[in-house]
Amino acid sequence: MKDAAPASAPETFYLKDYTPFGFEVVSVELTFRLAPNATRVISKIRFSPKPGAADPTFFLHGEELTLIRAAIDGTEVTPTLTDTGLTCDVPDTPFTWEAEVEIDPEGNTALEGLYMSNGMYCTQCEAEGFRKITYYPDRPDVMSTFKVRIEGDEKVKLSNGNPTGNGAGWAEWHDPWPKPAYLFALVAGDLVNHPDSFTTRSGKEVELNIWVRPGDEGKCAFGMEALKKSMTWDEEVYGREYDLDIFNIVAVDDFNMGAMENKGLNIFNSSCVLASPDTSTDANYERIEAIIAHEYFHNWTGNRITCRDWFQLCLKEGLTVFRDAQFTADMRSAPVKRISDVIDLRARQFPEDGGPLAHPPRPEQFQEINNFYTATVYEKGAEVIGMLKRLVGDDGYSKALDLYFDRHDGQACTIEDWLKVFEDATGRDLTQFKLWYSQAGTPRLSVEESYQDGTYTLTFEQKTAPTPGQPDKAPRVIPIAVGLLGPNGDEVLPTQVLEMTEGKQSFTFEGLAAKPVPSILREFSAPVILERETTNSERAFLLAHDTDPFNRWEAGNALAREARIAMILDGAAPDADYLDALQKMLRDDDLDPAFRALVLSPPSQSNIAQALHEHGHTPDPQQIHDAAETFAQTLAEQLADSLPRLYAATTVDGPYSPDAVSTGKRDLNARILSLLTRLDGGQQAARQYEAADNMTQQYAALSCLLKAEKGAAQSQAFYDQWKGDRLVMDKWFALQIATAAPEAAAQIAQDLTGHALFTLKNPNRFRAVMGAMAGNHAGFHHASGAGYRLLAENLIALDKLNPQTTARMCAAFQTWRRYDADRQALIREQLQRIAGTDGLSRDTTEMVTRILDA
Ligand SMILES: [Zn+2]
C-alpha cells in the first residue's frame, strides 16, 4: 500500500523477471454505481487458463478496495486478500469471475484510479491506477475488450469505445478494441461539449467532442482544430486512420500529468486543452497543439500497439514524442522546433542523465513506475528514434514503421520487437545500436582535426561517465552529421552522416583547397555533449555562415555560454565580438523572428551552472545570476539607440492569431521589451500592459515590470482581473517567483503558499509555486537555504495527499552535487528530513533515496 510506512524496503521489480499472466482475459464487463464516497464497481470478467503457463497463479491486483463479494461461475468464493491484491483457487477451464467492490472517489487525493475534481468523476489509470478501481490483472500485456455501464445522476457519462445505449440515470459503452487496463477511462459530470466531426480518408464519419465545465465552451475551438489537423497528418504521414465512431476529449482541473491517451476518451489537464487569446499565451497555444497531437497519435503508437511491461514505456512514449515533434515541425518551423527541443533536452534530460537519477531509456528495475515518466524515457527515447531514422534513412524508416503496424497491431511489444522490424525492413544489424536503450549517461564526444595537402581528418572519441549501477560503458553507434565550410563562408561539403561505431574513429575528406571550418552535429544528430577546442572567432564565423540553422544557433549559444563563463571565472567584461554578432542578428530582418528570438535568449542559469560543473568548477548561483544581469544590461545599453525602433518593428498589431509567424514575432518583441525595460524604467512595458488585448502581451509586460520591481500595481490589477480563472492564476503565482531577485524569491514563494488561492490539492497550482521556486536558480540556491527548506516542507505536506506529484518534484534536488559544500550540507539536511518523514510514500522514498545515495 502506498501509505504504509516504508520501514521495510519497498519491493523492487526487475525486467529480467518478466513472466506472462497465466490466463487470457476474454472479456470484461464493468458496472459503476456512482456515489462520491461509496461508488460500487461490479466486474464480470471471463478468464481462460493458458495451457502450460509458466506461472499458473490466479493473482489480481487491487489496492484500497473494499471487497463486498466475489463469485466464480455464480458461486460465492472467499479469496485471500493482501495489501496489493488477491489470490483465489480457480477452475482449470474457462470461468467467469465476478466481484463487487466499494471505493471512495472523493477521498482520493492521489488522483490515481477513480477520483473527483470539482464535482466531476474522472479516472487516471496509467500506469497502475486501475487496481484502485477493481481487482484485475493490471499489467499492460493483458488486453481485452470492455463493456461499461455507468449509473448516476450526472448529465454526461462517458467511457471508452462507442456508446451503445443510455436512459434515465444510465449509459453504456463498448470498446471493441482489446486494450490493457491502463487505457480504461470513465468521466461523469455536468459537462458541456464543443462538438465537431471528421471524415477519415476511407470515408468513416467520426463524431468529435471536447467536454468542459460550463463556462469554458469558448476555449475549445483551437484544441478542436489541432485534433483535426492531427487526424489528417497521421493519415498522410503514417497512413494511420482513426478506428472508432467517436473521439472524446475531457478537460479536468485536477490532474497529475499533462494528458492521457485513454482509448477514444482522452483526459486532459485543462491547462493543456483550454485556449483563448485573453487567457492563454503563445507558448500555451503551441503546447496545446503538441499535446493534443501527442495523445491522438498514441491511438496507434501506444493503444493499438502497446507495451509488454512498464520497462518498455519508451516504446510508446519515445515514438509518440518523436511523432509529435515531426507534426509540430510540419505545422510550424522545423529549425525552431529542433532548437527548442534541444534547449529542453539539455535543461531536463542532460542533468538527469549526469546525476543520481540517471537511467537508460529502458530501465531494468524500479520500485515505483510513476517515477520513470522521465525526460530520459520521453525525450531521450525520441532522440534515439531520431538517430535510428538518420541511420536507416527516410525510406528505411517508412518501411520499418509500416512493418511495425502490420506485424504488431493488437499486441503488447518490447524494444526487441521494435528493433527487429528495422532489421527486417532494412537488413541492418542493430545489435550495437541497442546500447542506446540499455546504457544510461550522455556520451561526451571529443573531436580533433588535422589538415594536410588537401586532406582533412576529423578524429572523434566517445566516452560516457559511470552512472548508478553502470560503471563501464561500451562504445555506441553515433550518427554525426557534418558539413564543411570554406574560408569565405561557402559550403564546400554539404551535410553527410558519419557513422561512428568505435571508441575512437577518424574520418577523412579529400580534395579540399584550404583548411575548412567544420560544422559538426548538424540538426543535433545525436544526444551527446560535443567537446571541441575552438575559438570565439570561429564560433562567430559559424553564427554568420553556417547553412544548418541548428548549428548556426548552436554557435551563438556557445558564444553566449563562453562569454558568461569568462565573466564569472576571470571577471571579464561581456565579450565585445559576441555583443556585436548579437546586434547584427537582431537587426537582420531577413532572419525568421522566431530564430532571432532564440539566438537572443541566453543560456539558462542552470545551464551555465552545469557547464561550469562539467569544466571542473563549483558554480556559484549568485555569481551566475549577476553575470546574466550585467550581460543583459550591457547589451541593452549598446542597443539603446535602436531598441525603440526594433520594438515598434516587431510589435504585432491587429486581432490576435496564434500562428507561427505572429508567435515568433511576439517572442522577439518580448525579448526586446525586456531589454528596453532596463533603460526606460518600465515605461514602455506599462504602456503595453495597459494596451494589451491578449494574454501573451499582457503577460510579457507584467513579467518585465515585475523583474524591474515596478509591477506592484499591475500585479494587483492582474489579480483582480483574473482571480476567477484558475489557469491564469497559475501564471500569476508562478510569475512573481520566477521574476523575484535571488534574496527575495523564497519569501515571496512562502507568502504565496499562505494565499487563499493556494492549495495542495491542485497539482497545477502546486507546480506553479514550487516549480517556479525550483526554477529560479539563484533564488532556490540562495546561500540562506530558505528555498531548500520551503520546497522540502511543501513536499512533505503534499506527499500525504499526492505521492506521484511529490516524487516528481523531488527531482529539483537532483543536481545537488554540483554545488559547494555548504549548499550540499543544506540540501542533504532537507533530503534527510523528507526521507525521515513518518509514513512517506513509496514514490517519494524511492526518489529521495536515489538522490541521496549517489
Ligand atoms: Zn505519451
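This section describes selected helices, buried residues, a cavity and backbone features of a predicted model.

Helix 19 covers residues 726–738, and because its 13 residues at 1.5 Å a residue should span 18 Å, the separation of 18 Å between its end C-alpha atoms agrees with expectation. The helix is mostly covered, with 11 of its 13 residues buried. These buried residues are L727, V728, M729, D730, K731, W732, F733, A734, L735, Q736 and I737, so that charged side chains, D730 and K731 among them, are listed together with W732 and F733. The cover over the buried residues of helix 19 includes helix 2 (282–297), helix 17 (695–707) and helix 18 (712–722), together with helix 20 (742–753) and helix 21 (763–775). At the N-terminal end, helix 19 is capped by D725, a side-chain oxygen of which lies 3.0 Å from the backbone nitrogen of L727.

In helix 8 (residues 536–545), the buried residues are E538, R539, F541, L542 and L543. The packing partners of these residues comprise both strands and helices, namely strand 27 (478–485), strand 30 (517–520), helix 9 (549–570) and helix 10 (576–587). Strand 27 also contains A481, which counts as buried because its relative accessibility is 2%, under the 20% cut-off. Leaving aside neighbours within four places in sequence, A481 is in contact with T495, Q496, V497, S519, I520, L521, R522 and S525. By contrast with these contacts, the C-alpha atoms of A481 and N248, which are 233 residues apart along the chain, are separated by 42 Å.

Two further helices each supply a buried charged residue. D234 lies in helix 1 (residues 221–238) and, at 0% relative accessibility, counts as buried. The side chain of D234 is joined to that of R323 by a polar contact of 2.8 Å, and R323 recurs among the residues that D234 contacts beyond four places in sequence, the others being G239, R240, Y296, F297 and W300. K337, in helix 4 (residues 334–353), has a relative accessible area of 17% and is therefore buried, the cut-off being 20%. When residues up to four places away in sequence are not counted, K337 touches A325, T328 and A329. K337 and A594, although 257 residues apart in sequence, have C-alpha atoms 10.0 Å apart in space.

The model holds 4 cavities of 30 Å³ or more. The second largest cavity contains about 40 Å³ of space and is lined by V652, D653, G654, P655, Y656, R666, D693, N694 and Q697. By class, this lining is divided into 3 nonpolar, 3 polar and 3 charged residues.

Several backbone features fall in loops between strands. A cis peptide bond, with omega about 0 degrees, joins E126 and A127, and A127 is placed in the loop between strand 11 (120–124) and strand 12 (144–151). E64, a residue other than glycine, has a positive phi near 55 degrees and is found in the loop between strand 4 (59–61) and strand 5 (66–72), where its relative accessibility of 41% makes it partly exposed. D453 likewise is not a glycine yet has a positive phi, of about 50 degrees. The loop that holds D453 runs between strand 25 (444–452) and strand 26 (455–463), and D453 counts as exposed because its relative accessibility is 74%, over the 50% cut-off.

Note on methods. Residues are numbered from 1 along each chain as its sequence is written. This is a predicted model: local features need pLDDT of at least 70, side-chain atom pairs count only at pLDDT 80 or more; totals for chains, interfaces and linings use all residues. Side-chain values use heavy atoms; hydrogens and water are left out. Helices (H or I, at least four residues) and strands (E, at least two) are DSSP runs, numbered from the N terminus. The expected span of a helix is 1.5 Å times one less than its number of residues. Buried means under 20% relative accessible area, exposed over 50%, partly exposed in between (1.4 Å probe, protein chains only). Contact means heavy atoms within 4.5 Å. A polar contact is a pair of N or O atoms within 3.5 Å; within protein, one must be able to donate a hydrogen and the other to accept it, and residues adjacent in sequence count only if both atoms are side-chain atoms. On a 1 Å grid over the protein atoms alone, a cavity is a set of points where a 1.4 Å probe fits but cannot get out, and a pocket is an open set with protein on both sides within 12 Å along at least five of seven lines; lining residues have an atom within 4 Å of a point. Grid points are joined across faces, edges and corners, and a volume is the space filled by probe spheres set on the points.
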